[in-house]
Amino acid sequence: MEIACVGGGPAGLYLSILLKRDDPGHDVTVHERDPEGSTYGWGVTYWRPLLDALHRHDPESARAVEEHSVSWRDGVAHVGGATVRHRGDTGHGIGRHRLLEILAARARSLGVRLAYGDEITGAHPPAADLVVAADGAGSAVRGRHAGAFGTRVRPGRNRYLWLGTTKVFDAFTFAFTETAHGWIWAYGYGYGPAHSTCVVECAPETWTGLGLDRADEGEGLVLLEKLFAGLLDGHPLTTRPRPGGGPLPWQPFRTLTNRTWSHGNLVLLGDAAHTTHYSIGAGTTLALEDAAALAAALRVPRARRARPALSDALARYERERRAALLPVQSAARYSARFYENLPRYLALPPEQMFALLGQRHSPLLPYLPPRLYHRLDRAAGQFAPARALKRRLGRHLARTAQARALARADG
């Protein structure tokens, strides 16, 4: 097949690797509008299950990703003047720039053509048997057929901002700071020996009350450095260069969905198909899993010589990924809701607040008083009947919430 991937992010590059591994006869081109080596973002997070999957799909690129990643086990929360540390599952971070270097080098070694500085618009898609829109949430290729895909975008309430810092965190770190205009908080995690990502979030009234909506870039960074001085230990916050400068790029998170993921020979991948709130740290993982599922759907089964019909392969890909995404999207929805209602939990003692922070994906949490939920959660850890009750209540509320969400989407 002749396959054109529009977008040279992790999803498009990884798909091209798997397609060429499966069938060197595929003619695969990745079209990326930006020059090679210029990328946005700081670091990406992932957990061991993704790394295990990468080793199964393509051990060579997986070894390089693992070699250039950092890891942590602890989670730390700074709440006012208190600090709480818990041991958790091992997490990993890698610089987005390094990840793209690894995937691009592997794709080239397999014979994939990488066309950098090649912007593809929806009006002039590449001529190919299959066109893959892997060009992000703002996909121009998808936008040309937004009606056919049934694209919907729902903005969240809070404002957030991605920044970098030279402060290297040894744990996945949260910091919550109270101001005269409400709470503002940051998540920090390392992704290399000298750099970390720092995501800052606050409610819109806090954003405007602090003047962050009006501050220019320099003023905004200075204010944030003062607010999180205890977190940063004197290290600066940095933002990526932007033409023309101006205010920092605060924005609400936009949850994007599509009624269908394919239209003719055009298929959506990664953020072009769906977005999940950044607070669960799953965006890159889901994009790579999409790529693996699409490559598998296009693969010729060993027992057959005939390639599956393209429409059947794309339908299988969408069906499998939608099913896999349901629990992740639910977790992301409740995680975003937790932060949008953060003052409800910050009245708790820091230990209890941090415990509920780890439970923010629960569909039960928004419906119970926080102190009662915390007691139920502790009891569930000790007594089987309490665990069963918690599971039943959670499943019932999750099904109800999902039905309501689908009804709103259809409406």
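Which side chain meets aspartate 58 in a salt bridge? Arginine 106 does, with N and O 2.8 Å apart. Keep in mind that this is a predicted model. Beyond that pair, there's a mixed six-stranded sheet to look at, a nonpolar core of 62 residues, and no disulfide anywhere.

**Salt bridges**

- Searching the whole structure turns up 19 salt bridges.
- Back to the opening pair: aspartate 58 sits in the loop between H2 and H3, while arginine 106 belongs to helix H4 (residues 96-109), so the bridge links distant parts of the chain, 48 residues apart.
- Both partners are tucked away: aspartate 58 is buried at 0% relative accessible area, and arginine 106 is buried too, at 11%.
- That bridge doesn't stand alone, as shared partners tie Arg21, Asp58, Glu60 and Arg106 into one network.
- Arginine 48 is worth a look as well, since it has a salt bridge with aspartate 52, with the closest N and O atoms 2.9 Å apart.
- Those two residues are four apart in helix H2 (residues 48-57), which puts about one helical turn between them.
- Arginine 48 also meets glutamate 66 in a salt bridge, at 3.3 Å from N to O.
- This second pairing reaches from helix H2 to helix H3 (residues 59-67), and its partners are 18 residues apart.
- Here the setting is partly exposed: arginine 48 comes in at 36% relative accessibility, aspartate 52 at 32% and glutamate 66 at 33%.

**The sheet and its helix**

- Six strands make up an open sheet with mixed pairing, in the order E6-E2-E1-E7-E15-E14.
- At the edges you'll find strand E6 (113-116) and strand E14 (262-263), each pairing on one side only.
- Strand E7 (residues 130-133) runs parallel to strand E15 (residues 266-268), and three bridges connect them.
- For a specific spot to click on, try alanine 133, whose bridge partner in E15 is leucine 268.
- Helix H11 (residues 310-340) packs on this sheet and touches E7, E14 and E15.
- The direction of H11 makes about 10 degrees with that of E15.

**Nonpolar cores**

- As a bit of background, nonpolar side chains in soluble globular proteins tend to be buried together.
- The largest nonpolar core here has 62 residues, and Tyr14, Leu15, Val132, Leu269, Leu294 and Tyr317 are the ones touching the most other members.
- Helix H10 (residues 283-298) is the top contributor to this core, giving ten residues.
- Valine 132 shows how the contacts look up close: beyond residues up to four places away in sequence, it touches Ile3, Ala4, Cys5, Val6, Leu15, Val267, Leu269 and Leu294.
- Apart from the largest core lies another, of 30 residues, with Phe253, Tyr345, Leu346 and Leu376 among them.

**Two buried leucines**

- Leucine 325 lies in helix H11 and is buried, with 1% relative accessible area.
- Setting aside neighbours within four places in sequence, leucine 325 contacts Trp261, His274 and Leu286.
- Leucine 325 and glutamate 351 are 26 residues apart along the chain, and their C-alpha atoms are separated by 31 Å.
- Leucine 365 is in a loop instead, the one between helix H13 (350-357) and helix H14 (370-380).
- Even in that loop, leucine 365 counts as buried, at 1% relative accessibility.
- Leaving out residues up to four places away in sequence, the contacts of leucine 365 are Phe338, Arg344, Tyr345, Leu356, Gln359, Arg360 and Tyr373.
- Glycine 182 is 183 residues from leucine 365 in sequence, with 22 Å between their C-alpha atoms.

**Cysteines**

- Why is cysteine 202 not in a disulfide? The closest cysteine sulfur, in cysteine 198, is 13 Å from its own sulfur, which is too far for a bond, because a disulfide needs the two sulfurs within 2.5 Å.
- Cysteine 202 is buried, with 0% relative accessibility.
- Cysteine 5 is likewise buried, at 0%, and appears among the contacts of valine 132.

Terms used. Residues numbered from 1 in each chain as written. Predicted model: local features only at pLDDT ≥ 70, side-chain atom pairs only at ≥ 80, totals over all residues. Heavy atoms only, no water. Buried < 20%, exposed > 50% of the residue type's maximum accessible area, 1.4 Å probe, protein only. Salt bridge = Lys/Arg side-chain N within 4 Å of Asp/Glu carboxyl O. Pairing = 2+ DSSP bridges. Contact = heavy atoms within 4.5 Å. Axes fitted to C-alpha atoms, helices over the stretch in contact; angles between N-to-C directions. Core = buried A, V, L, I, M, F, W, Y, C linked by side-chain atoms within 4.5 Å.
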